[in-house]
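Please open the model in your viewer and keep the sequence panel beside it, so that you can select each stop as the tour reaches it.

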Amino acid sequence: MSAVVIDGVAAARQLHAVLRGAVLDLVERGATPGLAVVLVGDDPASSVYVRNKVRRSVEAGLRSFHHRLPASTSESDILALILRLNAAEDVDGILVQLPLPSHIDAQKVTAAIDPAKDVDGFHPINVGNLSLGASALVACTPLGCMLLIKSVRTDLTGLSAVIVGRSNIVGKPLAQLLLRENCTVTIAHSKTEDLPSVCRRADILVAAVGRARFVRGDWIKPGAIVIDVGINRIERDGNQQLVGDVDFEGAHTVAGALTPVPGGVGPMTIACLLRNTIEAACRRRGVSSPLANGAD
Ligand code: NDP
């Protein structure tokens, strides 16, 4: 058997086209959505992520407000900026790029963002609402994973889902989304015993570990949907290469469907950020959302 490769670039392109239409609709109603992105310091990976987010939001027709602050910025100055952005009428979404410098309490900063503008979905109110099954802005990477899973199978009822990784930004919110879809969900982590056997039970297997090619082909149930969230830079033949948390070659012969790295979950994360910004703009401005909520 050879897995269907789930093309995240094509899925994101499709979503961007829908989002562009939604933005035009909002612009016509005089409600152009605005996204404020805050970058503190000059971490090279964060700078690349922020540049891509800003570029994509401008391409989609959003107003983009980029706040680039030196690494020495104090916590109180960042909190003051968040308060200004919370109050700004033309800002619908606020994203503070993580990680923040060590002298800044990231949880405090996240909690200071107006939950209605929390397009990263990290605010405790949004996290809580998600787990209550109530309306929430949902973290972008898990939302992107769900859209990719549903692109190959619409009804997930009764399926066994295993997520390897229990982070607040990927594993835990994704578990909530899969529960909503009536999956039986297992969250595995570094203390899980006999991880290969746990993975082999999964009809849907998600790897969010941060270890290159960690999940082997023989850990995968034949026909499973495999979502690889990992982004790992490795050196091969003297060149830098980007690989996921799944051994793609090994998984490809066993899985039913599989996301590649790069070109899988990554592009969907940015598309979902824009989607959340449009959703937030509609809610704040009392406009009905032109987007179908693929995660609900
Ligand atoms: P974290 O480091 O926050 O979490 C990693 C998780 O993996 C932890 O729960 C950890 O367990 C678990 N883990 C580590 N080692 C093992 C092991 N040997 N066996 C089982 N579980 C293990 O990572 P993130 O969730 O932030 O990110 C995961 C990966 O996804 C990274 O590669 C990251 O770069 C990528 N990523 C990609 C995004 C995208 O847009 N494509 C967005 C966000 C992340 P424990 O809790 O016990 O320590």
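Which polar backbone atom is 3.5 Å from a nitrogen atom of the ligand? To find out, select the ligand together with histidine 189, whose backbone supplies that polar atom. Keep in mind throughout that you are looking at a predicted model.

**Stop 1: around the ligand**

Stay with the ligand and add valine 229 to the selection, where a backbone N or O atom lies 3.4 Å from a nitrogen atom of the ligand. Next add isoleucine 231, which has a polar backbone atom 3.1 Å from an oxygen atom of the ligand. Taken alone the ligand exposes 930 Å², and the protein buries 71% of that area.

Now widen the view to the whole shell, in which 22 residues surround the ligand, the closest being Arg166, Ser167, Ser190, Ile231 and Thr269. If you colour this shell by residue type, you should find 10 nonpolar residues, 10 polar ones and two charged ones. Which helix gives the largest share of the shell? That share, three residues, comes from H10, and H10 is therefore a natural place to go, given that it runs over residues 265-285.

**Stop 2: helix H10 and its two ends**

Select residues 265-285 to show helix H10, whose 21 residues reach 30 Å from the first C-alpha to the last, close to the 30 Å expected at 1.5 Å a residue. Is this helix mostly covered or mostly open? If you colour by burial, you will see that H10 is mostly covered, with 16 of its 21 residues buried.

Step just past the end of H10 and select glycine 286, which takes a positive phi of about 65°. Then go to the other side of the helix and select proline 262, which has its place in the loop between strand S11 (257-258) and H10. The peptide bond that leads from valine 261 to this proline is cis, with omega near 0°.

**Stop 3: a second cis peptide bond**

Select leucine 98 and proline 99, which are also joined by a cis peptide bond, here with omega of about 0°. Proline 99 lies in the loop between strand S4 (93-96) and H4.

From there, move to isoleucine 113, in the loop between helix H4 (106-112) and helix H5 (124-132). Is isoleucine 113 buried or exposed? Its relative accessibility is 5%, so isoleucine 113 counts as buried. If you draw a distance from its C-alpha atom to that of valine 162, which is 49 residues away along the chain, the viewer should give 31 Å.

**Stop 4: the parallel sheet**

Turn to the open sheet, which is formed by six strands in the order S1-S11-S8-S7-S5-S6, with parallel pairing. Its edge strands are S1 (4-5) and S6 (184-188), each of which pairs on one side only. Strands of a sheet pair through backbone hydrogen bonds, either parallel or antiparallel.

For one pair in detail, select S5 (residues 160-164) and S7 (residues 204-207), which pair in the parallel sense over four bridges. Alanine 161 has isoleucine 204 in S7 as its bridge partner.

Two loops that follow strands of this sheet are worth a visit. Aspartate 194 lies in the loop between S6 and helix H8 (195-200), and has a positive phi of about 45° although it is not a glycine. Because its relative accessibility is 49%, aspartate 194 counts as partly exposed. Arginine 213, in the loop between S7 and strand S8 (225-228), likewise has a positive phi, of about 50°, although it is not a glycine.

**Stop 5: an antiparallel hairpin**

Select strand S9 (residues 232-236) and strand S10 (residues 239-243), which pair in the antiparallel sense over five bridges. Within this pair, isoleucine 234 stands opposite glutamine 241 in S10. The hairpin has two residues between its strands, and aspartate 237 takes a positive phi near 50° there.

**Stop 6: helix H6**

Finish by selecting residues 140-152, helix H6, whose 13 residues reach 19 Å from the first C-alpha to the last, close to the 18 Å expected at 1.5 Å a residue. How many of its residues are buried? The count is 10 of 13, so described as mostly covered, and the buried residues include Cys140, Pro142, Cys145, Met146 and Ile149.

Key: Residues numbered from 1 in each chain as written. Predicted model: local features only at pLDDT ≥ 70, side-chain atom pairs only at ≥ 80, totals over all residues. Heavy atoms only, no water. Expected span 1.5 Å × (residues − 1). Buried < 20%, exposed > 50% of the residue type's maximum accessible area, 1.4 Å probe, protein only. Near = heavy atom within 4 Å. Polar contact = N/O pair within 3.5 Å; in protein donor to acceptor, adjacent residues only side chain to side chain. Areas by Shrake-Rupley, 256 points an atom, 1.4 Å probe, with all protein chains shown as cover. Nonpolar A, V, L, I, M, F, W, Y, C, P; charged D, E, K, R; others polar. Pairing = 2+ DSSP bridges.
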